[in-house]
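Please open the structure in a viewer and colour it by chain. The stops below may be followed in order.

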Number of protein chains: 8
Amino acid sequence: MGSDSDLQFLEETQKMLEKFDIPYEITISSAHRSPHRTGEYARSASERGLEIIIAAAGGAAHLAGVIAAETTLPVIGIPIPSSPLGGVDALYSTVQMPGGVPVAAMAVGRAGAKNAAVLAAQILALKDPTLREKVVAYKEELAEGVWKKADALQAGTLGRGEKGEER
Amino acid sequence: MGSDSDLQFLEETQKMLEKFDIPYEITISSAHRSPHRTGEYARSASERGLEIIIAAAGGAAHLAGVIAAETTLPVIGIPIPSSPLGGVDALYSTVQMPGGVPVAAMAVGRAGAKNAAVLAAQILALKDPTLREKVVAYKEELAEGVWKKADALQAGTLGRGEKGEER
Amino acid sequence: MGSDSDLQFLEETQKMLEKFDIPYEITISSAHRSPHRTGEYARSASERGLEIIIAAAGGAAHLAGVIAAETTLPVIGIPIPSSPLGGVDALYSTVQMPGGVPVAAMAVGRAGAKNAAVLAAQILALKDPTLREKVVAYKEELAEGVWKKADALQAGTLGRGEKGEER
Amino acid sequence: MGSDSDLQFLEETQKMLEKFDIPYEITISSAHRSPHRTGEYARSASERGLEIIIAAAGGAAHLAGVIAAETTLPVIGIPIPSSPLGGVDALYSTVQMPGGVPVAAMAVGRAGAKNAAVLAAQILALKDPTLREKVVAYKEELAEGVWKKADALQAGTLGRGEKGEER
Amino acid sequence: MGSDSDLQFLEETQKMLEKFDIPYEITISSAHRSPHRTGEYARSASERGLEIIIAAAGGAAHLAGVIAAETTLPVIGIPIPSSPLGGVDALYSTVQMPGGVPVAAMAVGRAGAKNAAVLAAQILALKDPTLREKVVAYKEELAEGVWKKADALQAGTLGRGEKGEER
Amino acid sequence: MGSDSDLQFLEETQKMLEKFDIPYEITISSAHRSPHRTGEYARSASERGLEIIIAAAGGAAHLAGVIAAETTLPVIGIPIPSSPLGGVDALYSTVQMPGGVPVAAMAVGRAGAKNAAVLAAQILALKDPTLREKVVAYKEELAEGVWKKADALQAGTLGRGEKGEER
Amino acid sequence: MGSDSDLQFLEETQKMLEKFDIPYEITISSAHRSPHRTGEYARSASERGLEIIIAAAGGAAHLAGVIAAETTLPVIGIPIPSSPLGGVDALYSTVQMPGGVPVAAMAVGRAGAKNAAVLAAQILALKDPTLREKVVAYKEELAEGVWKKADALQAGTLGRGEKGEER
Amino acid sequence: MGSDSDLQFLEETQKMLEKFDIPYEITISSAHRSPHRTGEYARSASERGLEIIIAAAGGAAHLAGVIAAETTLPVIGIPIPSSPLGGVDALYSTVQMPGGVPVAAMAVGRAGAKNAAVLAAQILALKDPTLREKVVAYKEELAEGVWKKADALQAGTLGRGEKGEER
């Protein structure tokens with residue numbers, strides 16, 4: 001993540017990675033304030049055995065793009081809604097990458113932070129049957145969650161303040 | 001792709017997949033006009049041996065999301081700038097997925113169409129050392145392309161109309 | 001509705017349907033987390049005697065479009081302002097449907113939730129004279145409400161915090 | 001329609017109404033330049049036997065809203081992309097109606113013009129079994145059209161310039 | 001104003017009209033909920049001796065345009081930020097009027113509400129030398145206000161919470 | 001106008017001023033390139049007998065605001081769509097004036113250019129009965145124009161390429 | 001700054017200027033409410049020994065542009081998010097300057113206010129070796145700050161509420 | 001510049017630098033396709049005697065930010081309107097830099113390309129009296145250009161197709 005203020009969003013990512021038992025490391029490195037650290041991190045990632053990099057940043061969110069420039073690993077970008085423009089700046093800075101250097105952009109904010117982990121799991125599941133089963137089970141769980149909420153709604157036991165999905 | 005009018009964009013995707021020698025199939029299926037075909041396609045994809053699905057659509061671009069709902073394979077979405085709103089509608093419809101069901105959104109239009117193939121190559125390279133070499137070579141090619149253009153600019157031999165990167 | 005967090009908006013819809021004595025059912029089904037449930041719901045709706053479907057969702061709000069793909073009943077879509085982008089994403093995802101598969105989009109948020117019920121009443125009134133009378137009476141009520149507020153303003157008895165119309 | 005320059009879009013509406021054998025009248029009346037004509041049109045519509053009003057306008061597209069204020073018939077609005085702002089102004093002016101007075105907003109431009117007729121057909125089909133059959137047949141036709149295009153793509157006979165769906 | 005919830009903004013307008021000793025009436029009338037009242041108001045305004053109409057509305061803010069359609073008096077429009085889209089919808093609905101029927105659009109919200117009164121004063125001052133003097137004096141007052149704030153800032157006596165101009 | 005490239009838009013303004021027999025002068029002065037000329041123009045306007053100033057500019061369209069800062073005459077602003085951002089920049093720069101210094105903003109582009117003249121006529125008509133008659137006649141003309149177009153549409157004699165209103 | 005309500009943002013600027021020991025003066029002058037004061041300020045700035053002017057304003061943020069029109073000193077503009085449109089209006093008004101009269105636009109809000117001082121330091125450092133050293137040291141400090149946060153994150157001592165960078 | 005397709009815009013920059021007799025070098029280096037080249041360029045710039053870096057890029061325009069991360073020289077960013085989103089993506093990516101690492105953002109496209117050179121001249125003029133004279137002379141030239149256009153307009157000799165200022 002580009003700044004420690006992004007941590008509140010990345011907790012969603014961490015929770016999901018842990019749910020899928022995917023080992024991960026988390027750190028802070030800014031594309032603009034610590035470019036060497038960021039470049040070094042990206043360049044060494046593959047050798048160090050990392051397989052996917054998830055980058056979260058707000059404003060002129062260059063972090064994912066800068067990392068994608070320095071590695072051939074898949075890079076997933078989470079636009080953080082931290083500037084007065086509300087996240088549309090981070091979204092455009094993350095997604096509008098030029099031909100040749102993709103970033104897999106997620107939704108702005110909390111939903112995107114969660115989905116970065118889910119996408120990572122889907123990617124890693126391509127070569128890990130155990131993870132695949134977990135991903136399939138998670139998909140069923142999502143559908144079951146909807147059925148349960150629908151039943152609770154019917155039964156009149158649905159708490160009004162509950163949040164169904166992360167936004 | 002959701003409509004045959006998207007084909008002009010997907011030619012970028014095809015060119016890159018062929019460059020990486022990644023076998024692929026291409027078809028048309030609309031989230032809205034042929035939902036069964038689309039659902040069937042997504043549900044059977046994994047069994048049929050597909051590993052990644054790339055979905056391109058414009059306007060209320062639901063195609064990638066609808067496919068992501070029906071498969072646990074990674075889904076890459078390309079927003080197509082085909083409506084009067086110029087592609088921002090397709091971008092939001094593609095990227096703003098709810099927690100649990102990610103779509104890896106690419107840039108709007110031609111650059112995104114190219115990058116969908118590059119990201120697919122990066123993902124598949126995680127388990128395919130030969131492809132990995134190609135991905136690494138391509139990255140070097142990108143940098144060399146810049147050096148050559150820079151040299152041509154210095155030498156005064158850069159054609160003015162040439163396009164350096166897909167947009 | 002796509003998520004139980006949309007319920008606070010749909011209470012406006014429920015209130016108006018009850019005002020018009022229109023029988024209705026309400027449930028939760030996500031286009032992305034429970035696609036089979038959603039598809040089944042939409043496909044069986046007509047047979048089960050439903051005449052109109054109202055769908056509310058936020059973010060990449062595919063729910064209304066996905067339902068419209070599976071039924072020939074009129075589908076009314078309510079964009080919910082639940083993502084950091086403030087509802088413009090849900091609006092574009094709801095309204096920008098391709099040729100052949102319409103969604104009747106309402107205003108973002110509370111006003112739209114109320115109006116979904118009013119539009120449903122107007123549609124059903126085309127074949128139900130009793131409902132028609134109620135719809136006409138409601139229209140007069142709206143105008144009278146304005147007159148009363150205007151009179152209260154003149155008389156100095158208008159409470160400052162009162163809300164004239166749902167937004 | 002609010003202006004004769006909207007006619008090029010409304011031809012899509014006309015074609016579809018004729019396809020469904022729905023009798024219609026078409027005229028020009030501006031919310032701003034001919035308010036009495038517009039008001040009179042809307043107020044008399046129900047008595048004259050009209051059942052649905054479709055209104056198309058660009059810029060500060062008030063036409064649909066102004067008509068909805070004067071009738072209890074369902075009003076369908078088509079935002080026309082005729083101003084330098086590209087249609088987002090017409091979309092907001094059409095869809096963001098206050099509580100109590102709905103307009104069923106369609107997509108901006110050609111797709112919306114086509115869909116206005118399809119929605120009208122879906123609404124009228126609620127009380128007209130013959131029309132219902134046509135609407136169901138049309139839905140099948142849409143899906144078949146996708147299959148045919150997909151087959152043509154496979155067979156290499158898909159014309160590049162063809163347009164699959166109206167935008 | 002279109003709704004009593006706009007009153008909190010119009011208090012700025014009232015304060016300024018009173019400052020300039022411009023007699024005024026204030027009322028509530030919705031373009032959509034009470035169209036006859038609004039039309040009648042606009043049509044009779046000139047005869048009743050009104051010289052300028054100020055209209056404030058949010059969302060699909062048709063009020064100013066609908067009034068401008070029915071009168072040849074200058075109409076000033078104030079876009080109110082009351083919908084989830086934050087006022088850009090009201091701005092576009094107010095300002096993007098078609099050729100022939102102008103609305104003088106003010107800034108969104110409080111600043112616009114104040115300025116509607118100032119513009120009205122400037123217009124009426126064209127034929128009222130006394131009012132003109134007040135308008136000129138007000139302009140000097142504005143400049144003096146800035147000098148005073150600047151002096152207070154220099155002297156360290158500027159309260160941090162003070163608001164310099166209405167937004 | 002701020003630049004001679006705005007002239008193509010201001011021809012609409014000129015045509016309407018001439019239609020109403022309103023004497024006018026037209027000149028070029030940039031808020032940024034010739035601030036003294038602009039300031040001098042604005043400050044001397046009232047003494048020289050001008051009653052209204054119409055300012056047209058694109059991009060960071062400061063012209064109307066800068067003139068409004070220097071005069072107490074009513075200032076009408078026309079946002080010109082001349083930058084790559086398509087006119088939304090000029091609109092915001094023209095309309096979002098702070099409390100105390102109004103600009104009467106018109107629609108972006110050609111419709112706004114025409115309406116600036118119409119608004120000027122409406123303002124001047126407040127003290128000029130002859131002009132008032134012309135303004136009233138023009139309003140009738142607008143409505144008649146709609147009737148004629150509607151008749152031509154019915155009669156099948158409406159030319160397809162004709163433009164009904166300036167945009 | 002254009003208004004005393006901008007002071008809360010400019011405190012970031014002041015802090016940084018003080019950090020770099022750059023002497024400065026701060027005052028309030030509005031482009032619209034006190035144009036003479038503003039013009040005089042800008043015209044006399046160079047003679048009075050000022051080398052850079054930093055201008056902060058919200059809404060139709062003309063201040064930086066108006067100053068740039070009157071001086072050949074570099075002008076840095078800070079868009080303030082003070083209107084209901086959230087700062088995008090101030091950004092466009094600040095950055096979209098016509099050819100010949102540049103404003104160096106910073107990010108909207110707090111980050112931009114801080115950066116205005118940093119850019120000023122970078123500019124002045126071109127001719128001041130001591131300042132240059134401070135600027136270089138500050139850059140190292142930024143990177144070290146990131147390392148420290150990253151270490152704290154690893155050690156589990158990172159406070160959750162801390163803010164890493166100004167937004 | 002990030003791509004050779006940006007060259008058509010940078011010709012404006014070159015013309016102005018030559019007008020001011022400012023020596024410059026021009027090259028192509030992409031933030032994403034040739035990050036080492038870009039990083040190296042930025043890190044060595046100061047030692048090689050460069051004083052200002054002007055960076056132009058479109059889409060997710062990271063170039064200026066990436067350079068600013070690697071140098072303490074002032075960096076001027078030109079957003080290029082090369083993607084389907086029309087330049088707003090490049091603007092946000094260029095201007096929304098985090099606290100500590102400023103980029104001086106210019107207008108989108110041609111006007112910005114010209115102004116980058118003018119701002120560079122203004123900055124360098126702070127320590128170069130000869131350049132300062134040129135900058136002052138240029139400012140007078142700008143004003144004279146307006147006067148000449150205004151005279152030509154009055155004399156009826158203004159060519160309609162001429163462009164007054166770069167956009």
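How many residue pairs are in polar contact across the interface of chain A and chain B? In this predicted model, 20 residue pairs, both residues at pLDDT 80 or more, are found in polar contact there. Salt bridges between chain A and chain B, in contrast, number 0.

Next, select the residues of the contact itself. Chain A contributes 46 residues and chain B contributes 46 residues. Between them, chain A and chain B bury about 3600 Å², and 59% of this area lies on carbon and sulfur atoms.

Now keep only the side of chain A that touches chain B. The elements giving two or more residues to this side are helices H3 (63–70), H4 (88–95), H5 (110–125) and H6 (129–155) of chain A, together with strand S3 (104–105). H5(A) gives the most, with 8 residues. By residue class, this side of chain A comprises 29 nonpolar, 8 polar and 9 charged residues.

Move next to chain F and select helix H3, residues 63–70. Is this helix enclosed or open? In H3(F), F:Leu63, F:Ala64, F:Gly65, F:Val66, F:Ile67, F:Ala68, F:Ala69 and F:Glu70 are buried. Because 8 of the 8 residues of the helix are buried, H3 of chain F is largely enclosed by the rest of the structure.

Finally, display chain A and chain G together. Chain G is superposed on chain A by a rotation of 90° with 0.0 Å of shift along its axis, at an RMSD of 0.0 Å. The two copies are therefore related as by a four-fold rotation axis. To find the C-alpha of chain G nearest this axis, select G:Gly86, whose C-alpha is 6.1 Å from it.

Definitions and conventions: Residues are numbered from 1 along each chain as its sequence is written. Chains are lettered from A and ligands numbered from 1 in the order in which they are written. This is a predicted model: local features need pLDDT of at least 70, side-chain atom pairs count only at pLDDT 80 or more; totals for chains, interfaces and linings use all residues. Side-chain values use heavy atoms; hydrogens and water are left out. Copies are superposed by least squares on the C-alpha atoms of residues with pLDDT of at least 70 in both. Buried means under 20% relative accessible area, exposed over 50%, partly exposed in between (1.4 Å probe, protein chains only). Helices (H or I, at least four residues) and strands (E, at least two) are DSSP runs, numbered from the N terminus. Contact means heavy atoms within 4.5 Å. Buried area is the accessible area (1.4 Å probe) that two parts lose on being put together, summed over both. A salt bridge is a side-chain nitrogen of Lys or Arg within 4 Å of a carboxyl oxygen of Asp or Glu. A polar contact is a pair of N or O atoms within 3.5 Å; within protein, one must be able to donate a hydrogen and the other to accept it, and residues adjacent in sequence count only if both atoms are side-chain atoms. Ala, Val, Leu, Ile, Met, Phe, Trp, Tyr, Cys and Pro count as nonpolar, Asp, Glu, Lys and Arg as charged, and the others, Gly among them, as polar.
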